[in-house]
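Open the model in your viewer and keep the sequence panel beside it. Follow the stops below in order.

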Amino acid sequence: MVTIATVAGRTGISAYNLRFYEKEGLISVPRTKAGIRDFDEATESRINAIRHYRCAGLSLAQIKEVFANTDKHEMIIGVLKARKKEM
């Protein structure tokens, strides 16, 4: 089992923020029968993507948009280019 504390340590994102990301629908974390979060590799990969997008200056709304359109590469590139221009 990979706990929230372990993932927080690996990713550098606090447990509080991980819970917030889950509440906001950015990540979906499988749970054990006892209801304990059990992070899988796909979720941890998504958390790392969130971290990178946040470092690039994207808002959570923009990250949600990117995640909702993973097959629309031109749209994602457009979001990143727009952010680059803002910087």
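Select asparagine 48 to begin: the residue sits in helix α3. Helices here are DSSP runs of H or I with at least four residues, strands are runs of E with at least two, and both are numbered from the N terminus. The model is predicted, so local features need pLDDT of at least 70 and side-chain atom pairs count only at pLDDT 80 or more, while totals for chains, interfaces and linings use all residues. Residues are numbered from 1 along each chain as its sequence is written, and side-chain values use heavy atoms, leaving out hydrogens and water.

Is asparagine 48 buried, partly exposed or exposed? Asparagine 48 counts as partly exposed because its relative accessibility is 23%. Buried means under 20% relative accessible area, exposed over 50%, and partly exposed in between (1.4 Å probe, protein chains only). Now add arginine 10, 38 residues away in sequence and 9.4 Å away in space, C-alpha to C-alpha.

Stay in helix α3, residues 41–55, and select glutamate 44. Its relative accessibility is 14%, so glutamate 44 counts as buried. Which residues does glutamate 44 contact, leaving aside neighbours within four places in sequence? They are Val2, Val7, Arg10 and Thr11. Contact means heavy atoms within 4.5 Å.

Next, go to alanine 34, in the loop between α2 (15–23) and α3. Alanine 34 counts as exposed because its relative accessibility is 67%. Add leucine 60: 26 residues apart from alanine 34 in sequence, 30 Å apart in space, C-alpha to C-alpha.

Last, colour by pLDDT, the predictor's confidence in each residue, from 0 to 100. The chain averages 92, and 100% of the residues score at least 70. Among the elements, helix α5 (residues 73–86) has the lowest mean, 84, and α2 the highest, 97.
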